[in-house]
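Notebook open, coffee poured. Today I want to look up a few side chains and the rings around them.

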2 protein chains.
Amino acid sequence: MIDYLRDAAEIYARSFATIEEEAELDHLPEALRPVAVRMIHACGMVDLAADILGTADVVGAAQAALAAGAPVLCDCEMVRAALIRSLFPRDAELIVTLNAHGVPELARALGTTRSAAAVELWRDRLAGAVILIGNAPTALFHLFEMLEAGAPHPAAIIAAPVGFVGAAESKVLLARNALAIPFLTVRGRRGGSAIAAAALNAIAKGMAR
Amino acid sequence: MIDYLRDAAEIYARSFATIEEEAELDHLPEALRPVAVRMIHACGMVDLAADILGTADVVGAAQAALAAGAPVLCDCEMVRAALIRSLFPRDAELIVTLNAHGVPELARALGTTRSAAAVELWRDRLAGAVILIGNAPTALFHLFEMLEAGAPHPAAIIAAPVGFVGAAESKVLLARNALAIPFLTVRGRRGGSAIAAAALNAIAKGMAR
């Protein structure tokens, strides 16, 4: 018999205690601290805290949107798979358009990636939605192009695209917050679906029931 | 119009060029280097390279298993969602038992987590399988308990559980390689489904067609 902790609740409790002890969260608005703890939990890196950046109102804005029946618009299957369904309102739609019919053709027609073309299919659901981007910088860039061209504003943008080309840059654009949409992000190359979904899971968990 | 790279092939090429330039991969067996590049690509961290550890034969062992029709046994939906289906043999089964019927009851009966109990359901498929663990340390611990008790050996173990309780310890056990099963892992707290799946995607991509 190997000696290890087998109690899920105790594993969570010790994990969060370690994070609270090691992570520097003081620079974050108070509403974002429990969210940051979950983001750190998802990646095993307490120094992620220094790169977490968001508006204090993103938690309330996303919660209000979800309570009002807004969909969650996800950039990839993986980020949807990481959402804990039971934390969300029963009727909440968790939408991924990446593998929708016609996306490869649309990407070719627009001269862009499939991830960006898939965002084009969000247009009719954008107003008041919760955006969740865990993978593709081009999805975030394309969203900004649509918004700057007059598309309806979502209620909140939670975006942590990851990688070496465009990820950091797309998140700088988000952090500039020129459109005054509540947001949450991770600066730099780091990010990913686990971190993005953990943030939204934490926000959903905090909803009044 | 925002200025960013929109060509998917070019985004990949520049990402991999950046990784090749910045990451120190010399300590890895040659067969593992392209796999490590994909793992780094998935998380945006070139310093992950120093924590990647595996046997030189894990690539060939996993490829031979997949070619022979072995299933991939995944610890969570997220790691399966990150697998690129088209890279795998058409009939390859990508199996997740975490949400199978009876797992919560089994977890209670065994006094362990749902992730560990779900591994119990792998038993009939273990022989020659490819194991893919992206989330739960207790899944890896439980797998070891089953193997030490005489369960059939899988062909390869790719495991990068993440977090603050048990992740590092479970991977130390894997790296000790007492059972001489080809493996690939990431030392320490870091890991996750994106990194684990990226490794297996890279391995599948390298298969002779």
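These are my entries on one serine, the aromatic pairs and the arginines over rings.

Before anything else, I note that this is a predicted model.

Entry one, the serine. I looked up S15(B) and found it in helix 1 of chain B, residues 8-22. Buried or exposed? S15(B) is buried, because its relative accessible area is 2% and the cut-off for buried is under 20%. Leaving out residues up to four places away in sequence, I get contacts from S15(B) to F164(A), V165(A) and H41(B).

Entry two, the aromatic pairs. I searched the whole structure, and 4 pairs came up over all chains. One of them is Y4(A) with F141(B), which is stacked, at 4.2 Å centre to centre and 10 degrees between the planes. I checked where the two rings sit: Y4(A) is in the segment before helix 1 (8-22) of chain A, while F141(B) is in helix 7 (residues 137-148) of chain B, so this pair joins two chains. Both Y4(A) and F141(B) are buried.

I then went to Y12(B) and F16(B), a tilted pair with 5.7 Å between centres and 45 degrees between planes. Both residues lie in helix 1 of chain B, 4 residues apart, or about one turn of the helix. Their burial I looked up separately: Y12(B) is partly exposed at 39% relative accessible area, whereas F16(B) is buried at 17%.

Entry three, charges over rings. In chain A, I see R6(A) over the face of Y4(A), 4.0 Å from the ring centre. In chain B, R6(B) lies over the face of Y4(B), at 4.0 Å from the ring centre.

Notes
Residues are numbered from 1 along each chain as its sequence is written. Chains are lettered from A and ligands numbered from 1 in the order in which they are written. This is a predicted model: local features need pLDDT of at least 70, side-chain atom pairs count only at pLDDT 80 or more; totals for chains, interfaces and linings use all residues. Side-chain values use heavy atoms; hydrogens and water are left out. Buried means under 20% relative accessible area, exposed over 50%, partly exposed in between (1.4 Å probe, protein chains only). Contact means heavy atoms within 4.5 Å. Rings of Phe, Tyr and Trp (its six-membered ring) pair if their centres lie within 6.5 Å; planes under 30 degrees apart count as stacked, over 60 as edge-to-face and the rest as tilted. A charge sits over a ring if NZ of Lys or CZ of Arg is within 6 Å of the ring centre and within 35 degrees of the ring normal.
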